[in-house]
Amino acid sequence: MTDDGPPSELGFDLEDLGWGPYFQGQRQGLSRELTIARIAAEHRGRYQLWSERGEKLARRAGRLFYRASREIWDPDAKGVPAVGDWVAVRWPQAETSLAQ
């Protein structure tokens, strides 16, 4: 994802957004430099992300479009992130990347 502007200073409580032990277990093995965020909305290819660090808009990186186009024929493919998904992002760098 690519940054579309400065993040909001107001943070969110991840548990209020649905974060729990299941997701915490999946976070194991990810770099601690990554920030966990929830996709709150999608606006024409841009995502509104909510995290403990605040809110920001981001865009899917080109590699996600490429992956989605290749996986569209695979019924087991994970696809691209959607509203409600949890993502791991580099915050607030200009190039925000997903860790899945």
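The legends below describe close-up views of a predicted model.

**View 1. Surroundings of Thr35 in strand E2.**
Thr35 belongs to strand E2, which covers residues 35-43. Its relative accessibility is 9%, so Thr35 counts as buried, the cut-off being under 20%. Beyond its neighbours within four places in sequence, Thr35 touches Ser51 and Arg53, and also Val87, Ala88, Val89 and Trp91.

**View 2. Ser51 in strand E3.**
Ser51 is part of strand E3. Because its relative accessibility is 0%, Ser51 counts as buried. A polar atom of the Ser51 side chain lies 2.9 Å from the backbone nitrogen of Arg53. When neighbours within four places in sequence are left aside, the contacts of Ser51 are Gly11, Phe12, Leu14, Thr35, Ile36, Ala37 and Trp91. Trp91 is thus shown in contact with Ser51 and, in the preceding view, with Thr35.

**View 3. Gln48 in strand E3.**
Gln48 is likewise located in strand E3. With a relative accessibility of 17%, Gln48 counts as buried. Leaving aside neighbours within four places in sequence, Gln48 contacts Arg38, Ile39, Ala40, Ala41 and His43, together with Glu55, Lys56 and Leu57. Arg59 is 11 residues away from Gln48 along the chain, and the C-alpha atoms of these two residues are separated by 9.0 Å.

**View 4. The largest nonpolar core and a second, separate core.**
Eight residues make up the largest nonpolar core: Ala37, Ile39, Tyr47, Leu49, Ala58, Val87, Val89 and Trp91. At least two residues of this core come from each of E2, strand E3 (46-51) and strand E5 (86-89). A second core, separate from the largest, has 7 residues, among them Leu14, Trp19, Trp86 and Ala88. Of the residues named in these cores, Val87, Val89 and Trp91 in the largest core and Ala88 in the second core are also contacts of Thr35.

**View 5. Lining of the second largest pocket.**
The volume of the second largest pocket is about 180 Å³. Its lining consists of Asp13, Leu14, Glu15, Trp19, Gln24, Arg27, Arg32, Leu34, Thr35, Ile36 and Glu52. Helix H1 (21-27) and strand E2 each contribute at least two residues to this lining. Sorted by class, the lining residues are 4 nonpolar, 2 polar and 5 charged. Thr35, the subject of the opening view, is one of the lining residues. Leu14 and Trp19 likewise line this pocket and are included in the second core.

Conventions
Residues numbered from 1 in each chain as written. Predicted model: local features only at pLDDT ≥ 70, side-chain atom pairs only at ≥ 80, totals over all residues. Heavy atoms only, no water. Helix = DSSP H or I, 4+ residues; strand = E, 2+ residues; numbered from the N terminus. Buried < 20%, exposed > 50% of the residue type's maximum accessible area, 1.4 Å probe, protein only. Contact = heavy atoms within 4.5 Å. Core = buried A, V, L, I, M, F, W, Y, C linked by side-chain atoms within 4.5 Å. 1 Å grid on protein atoms, 1.4 Å probe; cavity = no way out; pocket = protein on both sides within 12 Å on 5 of 7 lines; lining within 4 Å. Points joined across faces, edges and corners; volume = space filled by probe spheres on them. Nonpolar A, V, L, I, M, F, W, Y, C, P; charged D, E, K, R; others polar. Polar contact = N/O pair within 3.5 Å; in protein donor to acceptor, adjacent residues only side chain to side chain.
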